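Grab your viewer and a coffee, and work through the exercises below. Try each task yourself before you read its solution.

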Amino acid sequence: MTIAVLSEVATGAEDLSIWPASTALLPHGDLAVGGVSLTELADRFETPVYVLDEGGVRGRCRTYLDAFPDADVLYAAKAFLSRAVVRWVREEGLGLDVCSAGELELAVTAGFPPGRIVLHGNAKSPRDLESALRLGVGRIVIDGPSEIARIAAAVGPQGHQKVMVRVVPGVSAGGHDKIRTGTDDQKFGLSLTDGGAQHAITRILGQPQLELTGLHCHIGSQITDVKPYLVALRRMVGLMARIRDAHGIVLPELDMGGGHGIAYRPGEPALDLTALARRLRAELAEGCAAARLTVPRLIVEPGRAVVGPAGVALYRVLAVKHTGEKVFVAVDGGMSDNPRPALYGVRYAPRLIGRRSTAGPRTATVVGRHCEAGDVLAADVELPGDVHPGDLLAVPVAGAYQLSMASGYNLVGRPAVIAVHEGSARVLVRRETLEDFRSRDIGG
């Protein structure tokens with residue numbers, strides 16, 4: 001495919017600041033990602049559809065490895081997982097963290113080494129633990145006191161499993177209450193302030209088949225400031241020093257989790273990855289020196305920051321409704337393929353593609369097709385005043401926590417995922433069909 005790219009100067013390339021790095025402006029208002037026209041993708045694969053730039057995902061993996069050359073970088077599978085993403089992450093040298101037997105088994109069957117996988121979860125099922133032990137995961141992160149005996153019993157007296165402890169450091173950070181996980185008033189981890197973490201560590205050290213390799217914390221998501229990470233790290237180093245003093249062991253690993261914020265709209269802040277890496281390393285070295293501790297191996301777990309900016313969602317406009325002063329632009333997807341706006345008020349920046357409008361801008365709200373008043377994809381955004389049924393809207397920064405959180409609401413079916421790279425496109429995940437729903441419904 002030959003694509004004619006317009007001059008950046010003439011077309012205002014600054015409008016593409018939050019789009020995948022491979023995005024190019026095309027004639028007639030179209031865009032290309034990974035060398036492939038988005039309009040052609042919508043026509044070929046139908047809408048709604050997710051487009052994932054393979055080069056963008058791989059590039060973000062390399063950016064993390066460059067920023068953290070002396071650390072382990074684990075991709076957080078919950079953001080989005082497919083067999084292709086497993087392969088990309090493995091080939092780029094990242095580890096993987098998973099939260100269920102489903103994620104774990106998909107990764108291993110797709111060729112990911114289980115020893116480079118960490119299993120998380122605040123309520124691990126018997127199947128989760130059975131799969132982890134059978135496949136030989138590298139680490140299991142203990143999230144509550146009841147897991148200690150369960151894992152030890154499952155391992156058996158002659159077995160061996162490396163574990164970490166998820167500690168709640170008492171740091172509040174993140175873009176919304178529902179994604180803040182560093183304080184004692186939520187479901188994750190063991191408290192540093194009430195002694196729960198210290199008591200769990202003592203119990204683990206009393207189980208000879210469990211090897212405690214380090215501490216883990218995750219303070220929230222969509223964090224754009226380095227400071228909360230530094231506060232959490234200081235408290236974790238302090239706990240490591242107390243463990244050394246109480247038990248005579250020096251833990252070799254410290255996992256600071258992920259939650260690295262990205263921009264969803266032009267002008268929004270994003271976490272400065274270079275500054276984070278530099279200041280974490282410096283704080284860790286200084287803190288360990290002051291406590292006379294050997295510096296542990298640092299671990300970070302980006303998910304959204306790896307795949308989020310590489311994704312674009314494409315929708316077809318079905319209806320435009322003027323209600324008083326409000327304009328509603330209804331599309332053929334919605335909360336069944338992206339529940340994030342309904343869950344915690346995420347704001348997106350959709351863009352008309354496929355034609356060049358000369359109409360002036362008008363404030364509109366992009367809504368989905370589902371039977372919920374809260375089915376809003378983008379509230380109060382600027383779109384051309386002549387948007388009409390049949391138009392295409394493209395939503396950037398769509399690679400994380402959209403399809404992975406999708407549902408079967410209204411039996412609309414989850415969209416396909418299309419990978420683009422160097423001018424070619426291929427299906428990663430096919431579209432869910434009515435036959436899929438029928439085949440699962442066996443109670444007639």
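**Exercise 1. Find the helices that line the largest pocket, and say how roomy that pocket is.**

Step 1. Start with the helices: α5 (101–109), α11 (304–307) and α12 (340–344) each put at least two residues into the lining of the largest pocket. Helices here are DSSP runs of H or I with at least four residues, strands are runs of E with at least two, and both are numbered from the N terminus.

Step 2. Rank the contributors: α5 gives the most, with 3 residues.

Step 3. Now the full lining, which has 46 residues, with K78, E103, Y401, S404 and M405 nearest the pocket's centre.

Step 4. The space inside comes to about 1,100 Å³. On a 1 Å grid over the protein atoms alone, a pocket is an open set of points with protein on both sides within 12 Å along at least five of seven lines, a cavity is a set where a 1.4 Å probe fits but cannot get out, and lining residues have an atom within 4 Å of a point. Points are joined across faces, edges and corners, and the volume is the space filled by probe spheres set on them.

A quick note on the source: this is a predicted model, where local features need pLDDT of at least 70 and side-chain atom pairs count only at pLDDT 80 or more, while totals for chains, interfaces and linings use all residues. Residues are numbered from 1 along each chain as its sequence is written, and side-chain values use heavy atoms, leaving out hydrogens and water.

**Exercise 2. Count the cavities of 30 Å³ or more and describe the largest cavity.**

Step 1. Searching the whole structure turns up 3 cavities of 30 Å³ or more.

Step 2. The largest cavity has a volume of about 80 Å³.

Step 3. Its lining includes Y50, V51, L52, F80 and G311, along with S404 and V417.

Step 4. Strand β4 (residues 49–53) supplies the largest share of that lining, 3 residues.

**Exercise 3. Work out which residues of helix α8 are buried, and on which side they sit.**

Step 1. In α8 (residues 196–205), pick out A197, A200, I201 and I204 as buried. Buried means under 20% relative accessible area, exposed means over 50%, and partly exposed is in between (1.4 Å probe, protein chains only).

Step 2. These residues cover an arc of only 100° around the axis, which puts them on the same side of α8. The arc is taken over the directions from the helix axis to the C-beta atoms.

Step 3. The spacing fits a general rule: an α-helix has 3.6 residues a turn, so residues three or four places apart point the same way.

Step 4. For the cover over those buried residues, look at elements including β9 (161–168), β11 (210–216) and α9 (227–247). Contact means heavy atoms within 4.5 Å.

**Exercise 4. Trace the surroundings of F45 and E432.**

Step 1. F45 belongs to helix α2 (residues 38–45), and at 15% relative accessibility F45 is buried.

Step 2. Skipping neighbours within four places in sequence, F45 contacts I418, A425, V427 and R431. F45 and R431 are 386 residues apart along the chain, yet their C-alpha atoms are separated by 9.0 Å.

Step 3. Move on to E432, in the loop between β21 (424–429) and α13 (434–440). E432 is buried too, with a relative accessible area of 15%.

Step 4. Not counting residues up to four places away in sequence, E432 touches G413, R414 and F437. With R414 there is a side-chain to side-chain polar contact at 2.9 Å. That term means N or O atoms within 3.5 Å; within protein, one must be able to donate a hydrogen and the other to accept it, and residues adjacent in sequence count only if both atoms are side-chain atoms.

**Exercise 5. Check the backbone of E46 and P48 for odd geometry.**

Step 1. E46 lies in the loop between α2 and β4, and its phi is near 70°, a positive value in a residue other than glycine. At 51% relative accessibility, E46 is exposed.

Step 2. P48 is also in the loop between α2 and β4. The peptide bond from T47 to P48 is cis, with omega near -10°.

Step 3. For context, most residues other than glycine have a negative phi, and most peptide bonds are trans.
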